[in-house]
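Welcome! Take a moment to look over the sequence and the model, and then let us walk through some of the features together.

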Number of protein chains: 2
Amino acid sequence: MPAPDTVHIQLPGDRNYEIRIGTGLLNEAASWQGLPKAAVAVIVSNETVAPLYADRLRDRLLGVYARVDVVVLPDGEQHKNWDSLNRICDHLLSQALDRKTVLFALGGGVIGDMTGFAAAIYMRGVPFVQVPTTLLAQVDSSVGGKTAINHPLGKNMLGAFYQPERVIADLDTLDTLPDRELRAGLAEVIKYGPIADASFLCWIEDNLDALLARDKAVLGYAVRRSCAIKADVVGQDEKEQGLRAILNFGHTIGHAIESGLGYGAWLHGEAVACGMVLAADLSQRMGLVPRAFVDRLRTLIERAGLPVQPPKLGAERYLQLMRVDKKAEAGAIRFVLIESLGRAGLHGVPDALIAETLVAHGAA
Amino acid sequence: MPAPDTVHIQLPGDRNYEIRIGTGLLNEAASWQGLPKAAVAVIVSNETVAPLYADRLRDRLLGVYARVDVVVLPDGEQHKNWDSLNRICDHLLSQALDRKTVLFALGGGVIGDMTGFAAAIYMRGVPFVQVPTTLLAQVDSSVGGKTAINHPLGKNMLGAFYQPERVIADLDTLDTLPDRELRAGLAEVIKYGPIADASFLCWIEDNLDALLARDKAVLGYAVRRSCAIKADVVGQDEKEQGLRAILNFGHTIGHAIESGLGYGAWLHGEAVACGMVLAADLSQRMGLVPRAFVDRLRTLIERAGLPVQPPKLGAERYLQLMRVDKKAEAGAIRFVLIESLGRAGLHGVPDALIAETLVAHGAA
């Protein structure tokens, strides 16, 4: 199955950019050429990733920019908030950096989302580049231009659609990824099968052991295919007016789990994995897919070492948390449901049916 | 001199909207028809304006939306910050309002900028409508899609380009405007003459007394002509890549005054008025315009009861404050200078020349 090393994102109004995927990209001079010119570049990273890769990226960028600053934020979803965002802005303003300054997001999804949001709002917009170092960020959050911070009352509630200049996904950075985070990233890889590509789901089932063993060629294919699917969806619907919502399969319940337990208790990918199991169950209860599909997806998610059992928050609490989700509109809570293997859509689901699923999984 | 009652803003990608200008618009049902449908509308206003107009707007909107909430913020530039912005977001989230919710900004520039920014980032974007109730907001801040909050280190440093669905500028709301705010609004009206329309400058000189006496027909012409000039500029350069910068005439020094004295000490229009006097002086020192033009502009600004004497902050402090301004780039501080009456452009100005102007006006 061939897949390109470079995935092209095409958006209206000349806003096209490349996702480059491969090994050794961090060290390759070409990765950093042809970006917007500026006097100063700023790498934003976290306490875990900065010691591993910030110096190397800084060295490479000093071949292009006269000055390269590094801003290091605390690590973890619980820090994806206004205070951390403001630390980026404080640095930019205290250094009087102008609106040509280029930001580089070096880290996982949290760093990418916050750096992207800071780039979106600093002086009403400066350029930024994504350098994702987790599997989850490489296959999901660094692609598509969704940036955000969390609010105590909901995940990713404040943000912007803002596209990077380029994404450099160096597979070598996955060498240092903890096992738990690798598995969390696989949740988003698995997601692309049921919503868009039945044969990719089969491929994941066949190659799961190699993925967990970090076989670089197999990981590379998974990242490229995931990005290509996401690029295709985002290219058709950047602002999530319709189709793009399918990328949120598993996210409605997933966000409720994250928010309900407090950000950081479960990894985002873990919450999404469990959310997919319940959303598949809802799809079956709505008469869209057979029970065999639900079992198949749960089996794969369990094999990947991801949770299939939601925390016991109570049905009322789940419903309350989901009602504040961005996909919600007045009336029935809307879920991305699987309509047939490889096809998904948004469906309003009656509260009673949601409660049934929650009870059946021991969540209520 | 005819001017339309409705000014049309045309932006790339079907993002067109209308600025409706006239008397009695708040009460007119047509003002609120044809906006995006939603279950809930939220009026954002401040402690000064809400008691005057919020109930009336709410009554009108209840003819269109099933529920209309009102969020009241403290009044003043010193409250144009993250805390106030977050009060809007807190309301939206605590009420679990969805991303179809329409926000209505009822107030001056501060309310418009903050409500627009909240609309830009809440769930990555909800629709909003501007209902400007100050002269300054009607001729400037409600037109053009610039939204922002201040940061302790600089004015309007965090924000977004985000366009409203419609602008309803009801001239009757100017009846309750304090004299000082009326004069501050005139600063932005005056601005459009030197940068874009020599004959409009003559018209303002001829009609200044009627403007100060709040002659509704004369005010209406001033608002319509100002909006038409701004719409023309913004239509050509929404994201301020070039031409749009001329709208910042007087703003580089103006922002330094506001930031240096602490937001709220001077009104924005007062700071801009004084900034225009100094920027005109710089234009003359750069050899672009004769001394007579500088005197003419200063005379008009004085007649309008606006300050022409900058606060004595010291040259070094002014230079430091201006270097962090959004228009600054590495190197010389850039000013919008008048190149000839009715034409302006961005020019890098040597620090020594800026210091000369500051000293000559007693600012250093």
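In this predicted model, helix α8 (residues 251–261) of chain B packs against helix α9 (residues 268–285) of chain B at an angle of about 130 degrees, and their axes are 7 Å apart. How should we describe that arrangement: parallel, antiparallel, perpendicular or oblique? Angles over 145 degrees count as roughly antiparallel and those from 65 to 115 as roughly perpendicular, so the rest of that range is oblique; α8(B) is therefore oblique to α9(B). The crossing of α8(B) and α9(B) is right-handed.

Which residues meet there? On the α8(B) side they are B:His251, B:Thr252, B:Ile253, B:Gly254, B:Ile257 and B:Glu258. Their partners in α9(B) are B:His268, B:Ala271, B:Val272, B:Cys274, B:Gly275, B:Leu278 and B:Ala279. By class, this contact of α8(B) with α9(B) holds seven nonpolar, five polar and one charged residues.

Now step back to a whole chain. Chain A has 12 helices and 11 strands. Its C-alpha trace spans about 60 × 40 × 40 Å along the principal axes of chain A. Does that go with a compact or an extended chain? A compact globule of 364 residues would have a radius of gyration near 21 Å, and chain A, with 20 Å, agrees with this.

Next comes the meeting of the two chains. The contact takes 32 residues from chain A and 32 residues from chain B. On the side of chain A that touches chain B, four elements each supply at least two residues: α2 (82–94), α3 (109–121), β7 (146–151) and β8 (154–161). Which of them gives the largest share? That is β8(A), with six residues.

The table sorts the residues of this side of chain A by class.

| Class, side of chain A that touches chain B | Residues |
|---|---|
| Nonpolar | 19 residues |
| Polar | five residues |
| Charged | eight residues |

Finally, how are the two copies related? A turn of 180 degrees, with a shift of 0.0 Å along the axis, lays chain A on chain B with an RMSD of 0.0 Å. The two copies are thus related as by a two-fold rotation axis. In chain A, the C-alpha nearest that axis belongs to A:Gly13, 4.0 Å from it. Both copies use the same surface for their contact, as 100% of the contact residues of chain A recur in chain B.

Key
Residues are numbered from 1 along each chain as its sequence is written. Chains are lettered from A and ligands numbered from 1 in the order in which they are written. This is a predicted model: local features need pLDDT of at least 70, side-chain atom pairs count only at pLDDT 80 or more; totals for chains, interfaces and linings use all residues. Copies are superposed by least squares on the C-alpha atoms of residues with pLDDT of at least 70 in both. Two residues are in contact if their C-beta atoms, placed from the backbone, lie within 7 Å. Axes are lines fitted to C-alpha atoms, for helices over the stretch in contact, and angles run from 0 to 180 degrees between N-to-C directions. Angles under 35 degrees count as roughly parallel, over 145 as roughly antiparallel, 65 to 115 as roughly perpendicular and the rest as oblique. A crossing is left-handed if the near helix is turned anticlockwise from the far one by less than a right angle, and right-handed if clockwise. Ala, Val, Leu, Ile, Met, Phe, Trp, Tyr, Cys and Pro count as nonpolar, Asp, Glu, Lys and Arg as charged, and the others, Gly among them, as polar. The radius of gyration is taken over C-alpha atoms; the globule rule is 2.2 Å times the number of residues to the power 0.38.
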